[in-house]
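Welcome, and do keep your viewer open while you read. We will go from a loop residue to the ligand, and then on to some details of the backbone.

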Amino acid sequence: MHRFTRLRGLPARLSMTGLLMVSASLASAAEPVLTVASPDHVLTVQVQVRDGQAQYQLSRFGVPVLDWSRLGLQFSDAPSLADGLNIVASATRTVDDTWQQPWGERQWIRNRFSELRVTVAGADEAAMAVVFRVYDEGFGFRYEVPADAKHAKRTIGNELSEFAFTGDHTTWWNGAYLPNRYEYLYRQSPLSAVWKAVTPLTMKTAQGLYLSVHEAALLDYAEMTLENVGGNRLKADLVPWSDGSKVKTEGAFATPWRTLTVAERATGLIDSDLILNLNEPNALGDVSWLEPGKYVGVWWEMHIRKSTWASGDRHGANTANVKRFIDFAAKYGFKGVLVEGWNVGWDGDWIANSELFKFTTPYPDYDFDGLARYAKSKGVRIIGHHETSGGIANYESQLDAAMAYMQAHDVRAIKTGYVKQNGLIERIGDAGKPVHEWQHGQFMVRHYQKVVEVAAKHRIAINTHEPIKDTGLRRTYPNWMTREGARGQEYNAWSEGNGPGHIANLAFTRMLSGPMDFTPGIFDLGSDEALRERNLSSTLAKQLALYVVLYSPLQMAADLPENYEAKPAAFQFIRDVPADWAQTRALDGEIGDFVVIARQDRNSRDWYLGAVGDENGRLLRVPLGFLESGVRYRAQIYADGVDASWDKNPEAIDISSREVNSNAVLSLRLAPGGGAAIRFAPIGAVK
Ligand code: NOJ
């Protein structure tokens with residue numbers, strides 16, 4: 001299928017026959033421009049080599065979205081693929097297939113793109129292919145570099161990939177190389193005010209287009225951050241090793257995909273499957289052992305300082321307390337009970353003393369064997385916890401045994417953690433002395449991946465905290481189910497809080513990369529203690545809406561059992577809402593202001609809707625056209641009370657029920673800092 005490629009500057013006869021082999025001399029003489037359009041001709045990518053340098057450009061309906069942007073890789077110990085290049089071959093193909101997610105925001109995903117593969121060669125016979133996959137909603141490109149017989153090992157010193165935007169777009173972003181990793185409130189500024197940013201990075205153009213820059217399939221490579229190099233250009237800035245090199249390669253390799261999603265509405269960014277589609281299919285085979293679902297656990301009580309991770313009188317992970325959680329989970333239908341602080345290593349300064357963590361040694365007051373049996377008898381599983389505090393050598397030396405130990409206790413999911421004060425991980429370098437690696441460089445990318453693969457052998461899912469960002473690898477490794485990677489609920493327990501606008505930012509930024517273990521569902525918002533000591537900046541209805549808005553296949557009900565039992569009517573929504581979906585539709589929203597998302601349960605015909613706003617109240621009109629037509633539904637509506645607000649009256653909630661169908665338009669009133677959650681259950685045919 002060559003119909004999407006045109007070689008400008010070549011005789012018509014050649015381009016019409018779709019001849020895509022361009023000889024080096026012809027290429028440099030005529031400077032051909034290779035063109036590939038998305039399946040419905042929405043986006044067009046052009047590629048050329050000019051003065052020996054490879055470049056690409058993107059337009060949408062003929063209007064440039066990216067100006068000519070540089071491509072290339074520089075090696076510090078081998079001939080570079082950056083200058084003196086010629087196009088030596090190109091080829092196109094189109095793909096249109098549909099694949100099934102074992103769990104996810106939607107069950108079926110269509111993968112429909114046009115591909116252009118351009119082979120460029122430089123000095124010393126060095127060559128690589130730059131592969132573009134162009135969808136109607138965005139595109140990705142990556143470098144595929146064959147082995148070089150003369151240079152078995154090559155070190156990337158610089159990746160030249162650029163995104164040359166056409167204006168000083170409004171940008172929502174987080175800085176790179178910061179001590180708290182991705183855990184900052186999003187900034188909004190003109191693109192020109194960005195210095196170095198992590199991805200996903202979100203933009204809105206003056207013409208009203210919404211853009212998201214990210215990467216897909218980050219495997220054995222360094223994270224790509226984006227450096228502002230002036231003139232609205234962002235350049236790939238790879239997080240380096242302690243020795244300054246960027247990526248250490250051996251033999252043939254492929255880089256992650258560099259991606260841009262382009263949408264006419266902000267919600268189009270949420271509905272895109274570009275990142276997942278650019279990842280390889282499931283490499284694990286049968287994954288029916290994975291269990292998406294909701295969990296509770298020994299967690300919030302430590303963050304609000306009611307109990308401790310450390311041993312002693314206030315130790316949270318004691319047998320009696322965990323039993324209480326197992327009973328609560330069994331009674332209300334939760335599948336998992338997370339237990340943090342169960343193992344030796346938490347006493348003293350656990351962040352500094354990572355080497356003290358033992359992953360097969362429980363504290364004496366935690367009867368793991370007995371609790372595993374008890375949980376099983378109640379149809380519940382313990383969720384394991386491995387806090388490493390960045391002690392990678394210590395953790396890796398115990399990794400297999402640690403996973404086997406959890407598996408022997410019937411554990412199917414483990415939350416891992418990498419708390420470090422400065423985003424730097426110590427390891428013993430080649431010279432036998434300690435060196436410090438960035439948490440998002442290749443060293444750690446390899447580590448996170450290793451944990452996921454070892455866990456898979458033990459049929460265990462991973463929920464990474466202080467993770468490397470999500471780049472869609474859950475498609476290839478479906479046991480990498482969720483992660484943190486942004487400011488979660490815990491910040492509301494002990495910091496100045498996330499503020500009422502955080503979720504409306506997250507939905508259009510961090511969440512574009514994949515599931516997040518935000519840990520929603522705090523119900524104690526209005527007690528004296530909560531108002532005095534925490535900064536939750538949320539109404540109760542908004543806490544419910546988070547279960548729909550913030551997708552995670554492992555979704556926590558984070559508050560204490562007694563706080564749920566004190567509000568049974570609102571708790572009903574958390575009991576009902578699933579964590580695995582057949583379909584998802586982002587219905588409405590603006591970045592940082594509000595978002596409305598509807599999802600259909602994977603195991604029933606029920607639909608759920610979540611809406612969250614920012615600090616301003618808002619009246620939304622929500623057409624219910626996503627419901628099955630001809631069907632009557634009972635809508636169970638959890639809305640902010642008329643006098644609710646995040647700062648003065650956060651717990652006021654109005655729970656009502658009414659009959660609706662797909663022709664209805666609901667008015668939803670969001671209080672300042674508020675939200676709304678709805679369950680739609682079919683009750684029969686429309687008469
Ligand atoms: C940070 C994690 O995000 C949090 O959920 C966990 O409780 C602590 N680390 C301790 O591991």
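Is D220 buried, partly exposed or exposed? Keep in mind that this is a predicted model. D220 has a relative accessible area of 41%, and because partly exposed covers the range between under 20% for buried and over 50% for exposed, D220 counts as partly exposed. You will find D220 in the loop between β17 (210-216) and β18 (224-230). Its backbone deserves a look too: phi of D220 is near 45°, a positive value in a residue other than glycine.

D410 makes a good companion to that example. Here phi is near 70°, again positive in a residue that is not glycine. D410 belongs to the loop that runs between α8 (392-408) and β26 (413-417), and with a relative accessible area of 22% D410 is partly exposed.

Now let us turn to the ligand, which sits in the largest pocket. Around the ligand there are 13 residues, and the closest are E340, E387, K415, H465 and E490. Sorted by class, this shell holds six charged, four nonpolar and three polar residues.

If you plan to look at polar contacts, three side chains are worth selecting. In K415, an N or O atom of the side chain is 2.7 Å from an oxygen atom of the ligand. For W299, a polar side-chain atom lies 2.9 Å from a ligand oxygen, and for H385 an N or O atom of the side chain is 3.4 Å from an oxygen atom of the ligand. How much of the ligand does the protein bury? Taken alone, the ligand exposes 290 Å², and the protein buries 96% of that.

Away from the ligand, have a look at R106, in the loop between β7 (86-100) and β8 (108-121). Although R106 lies in a loop, R106 counts as buried because its relative accessibility is 12%. A polar atom of the R106 side chain lies 3.2 Å from the backbone oxygen of T584.

M128 gives us a strand residue to visit, in β9 (residues 127-135). With a relative accessible area of 1%, M128 is buried. The C-alpha atoms of M128 and E144 are separated by 5.7 Å, while these residues are 16 residues apart along the chain.

One last backbone detail is the peptide bond between T199 and P200, which is cis, with omega about 0°. P200 is found in the loop between β15 (196-197) and β16 (201-204).

Definitions and conventions: Residues are numbered from 1 along each chain as its sequence is written. This is a predicted model: local features need pLDDT of at least 70, side-chain atom pairs count only at pLDDT 80 or more; totals for chains, interfaces and linings use all residues. Side-chain values use heavy atoms; hydrogens and water are left out. A residue is near a molecule or strand if one of its heavy atoms lies within 4 Å of it. A polar contact is a pair of N or O atoms within 3.5 Å; within protein, one must be able to donate a hydrogen and the other to accept it, and residues adjacent in sequence count only if both atoms are side-chain atoms. Accessible areas come from the Shrake-Rupley method with a 1.4 Å probe; for residues, only the protein chains shown count as cover. On a 1 Å grid over the protein atoms alone, a cavity is a set of points where a 1.4 Å probe fits but cannot get out, and a pocket is an open set with protein on both sides within 12 Å along at least five of seven lines; lining residues have an atom within 4 Å of a point. A molecule sits in a cavity or pocket if more than half of its atoms lie within 2 Å of its grid points. Ala, Val, Leu, Ile, Met, Phe, Trp, Tyr, Cys and Pro count as nonpolar, Asp, Glu, Lys and Arg as charged, and the others, Gly among them, as polar. Helices (H or I, at least four residues) and strands (E, at least two) are DSSP runs, numbered from the N terminus. Buried means under 20% relative accessible area, exposed over 50%, partly exposed in between (1.4 Å probe, protein chains only).
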